[in-house]
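Trainee: Could you walk me through this one before I go back to the bench?
Mentor: Gladly; have the sequence and the picture open side by side.

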Amino acid sequence: MQNSFDIAIGRCQSVTGKEVVVELDTAMVSRLVPGHPWHRSGTSKLKLAIELCSAQRPPQPGCETFLNRDAILKNPSGRFDLLGDGQFIAVRLKALAANTEPELLEPAPKLNWAERRVSRSHRG
């Protein structure tokens, strides 16, 4: 079974032809530039190919932008403007999918009625 899902990265500023410009959330900036001082969300911009976006939630200006995690894990490139001053540099995008591996949680063991009663009485 494949665990494919989308990753939200920020607000779509524009869609032109085959390119999307996104005003990145601060959490996404910190993945691309670890340790960089905090900036207000939306200051940094990312230009990327539209085919990296979610097929279920295509980009729309003014709305949250979702990327296909599987596409990002292939480490495509984009263009990144850290300060929002129009100076774009090439950047690899795989870092946007860092620490997004799904975890399966073990179900909690069911307690019988007597065990629940003892458990509740020890709460203090």
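Mentor: What follows goes from the overall fold to the sheet, then to the charged pairs and a few single residues, and please keep in mind that this is a predicted model.

Trainee: Okay, how many helices and strands does the protein have?
Mentor: There are three helices and six strands, and from the N terminus on they run in the order β-β-α-β-β-α-β-β-α.

Trainee: And in what order do the strands sit in the sheet?
Mentor: The six strands make an open sheet in the order β4-β1-β2-β3-β5-β6, with antiparallel pairing. β4 (64–68) and β6 are the edge strands, each with a single partner, so one side of each has no neighbour in the sheet. From one strand to the next, the twist averages 45 degrees.

Trainee: How many bridges does β5 make with β6?
Mentor: Strand β5 pairs with β6 (residues 89–92) over four bridges in the antiparallel sense, and F80 has I89 as its bridge partner there. With β3 (residues 45–49), strand β5 pairs over three bridges, also antiparallel, and on that side K47 stands opposite R79.

Trainee: What about the other end, how does β1 pair with β4?
Mentor: Strand β1 (residues 6–16) and β4 pair in the antiparallel sense over five bridges, and one of the partnerships joins G10 to T65 in β4.

Trainee: Switching to charges: how many salt bridges are in the whole structure?
Mentor: A search of the whole structure finds three salt bridges. In one of them, D6 pairs with R57, with the closest N and O atoms 3.1 Å apart. D6 belongs to strand β1 and R57 to the loop between β3 and β4, so this pair ties together parts that are 51 residues apart in sequence.

Trainee: Is D6 buried or exposed?
Mentor: D6 counts as buried, because its relative accessibility is 15% and the cut-off for buried is under 20%. Its partner R57 is partly exposed at 38%.

Trainee: And which residues make the other two?
Mentor: R11 and E23 meet through their side chains at 2.5 Å, N to O; R11 is in strand β1 and E23 in strand β2 (residues 19–24), so the pair ties together parts twelve residues apart in sequence. Here R11 is partly exposed at 39% relative accessibility, while E23 is buried at 13%. The side chains of E19 and R79 also form a salt bridge, at 2.4 Å from N to O, and this pair links distant parts of the chain, with E19 in strand β2 and R79 in strand β5, 60 residues apart. E19 is partly exposed at 24%, and R79 is partly exposed at 36%.

Trainee: Which opposite-charge side chain is nearest to K45?
Mentor: That is E23, at 4.1 Å. K45 is buried and has no salt bridge, because the cut-off for a salt bridge is within 4 Å. Lying in strand β3, K45 touches Q13, V21, V22, E23, R79, F80, D81 and F88, not counting residues up to four places away in sequence.

Trainee: You listed D81 there, so how far is D81 from its nearest opposite charge?
Mentor: D81, in strand β5, is also buried without a salt bridge, and the nearest side chain of opposite charge is K45, 6.3 Å away. The side chain of D81 does reach the backbone nitrogen of D85, at 3.2 Å.

Trainee: What does F80 touch?
Mentor: Setting aside neighbours within four places in sequence, F80 is in contact with residues including L24, V29, L32, V33, L46, F88, I89 and V91. F80 lies in strand β5 (residues 77–81) and counts as buried, with 4% relative accessibility.

Trainee: Last one: what is the phi of N75?
Mentor: N75 has a positive phi of about 60 degrees although it is not a glycine. As background, most residues other than glycine have a negative phi. N75 sits in the loop between α2 (69–73) and β5, and is partly exposed with a relative accessible area of 27%.

Trainee: And what share of the residues is buried overall?
Mentor: Of the 124 residues of the protein, 32% count as buried. As for contacts between residues at least 6 apart in sequence, 61% join residues at least 24 apart.

Conventions. Residues numbered from 1 in each chain as written. Predicted model: local features only at pLDDT ≥ 70, side-chain atom pairs only at ≥ 80, totals over all residues. Heavy atoms only, no water. Helix = DSSP H or I, 4+ residues; strand = E, 2+ residues; numbered from the N terminus. Buried < 20%, exposed > 50% of the residue type's maximum accessible area, 1.4 Å probe, protein only. Contact = heavy atoms within 4.5 Å. Lys, Arg positive; Asp, Glu negative; His and termini not counted. Polar contact = N/O pair within 3.5 Å; in protein donor to acceptor, adjacent residues only side chain to side chain. Pairing = 2+ DSSP bridges. Axes fitted to C-alpha atoms, helices over the stretch in contact; angles between N-to-C directions.
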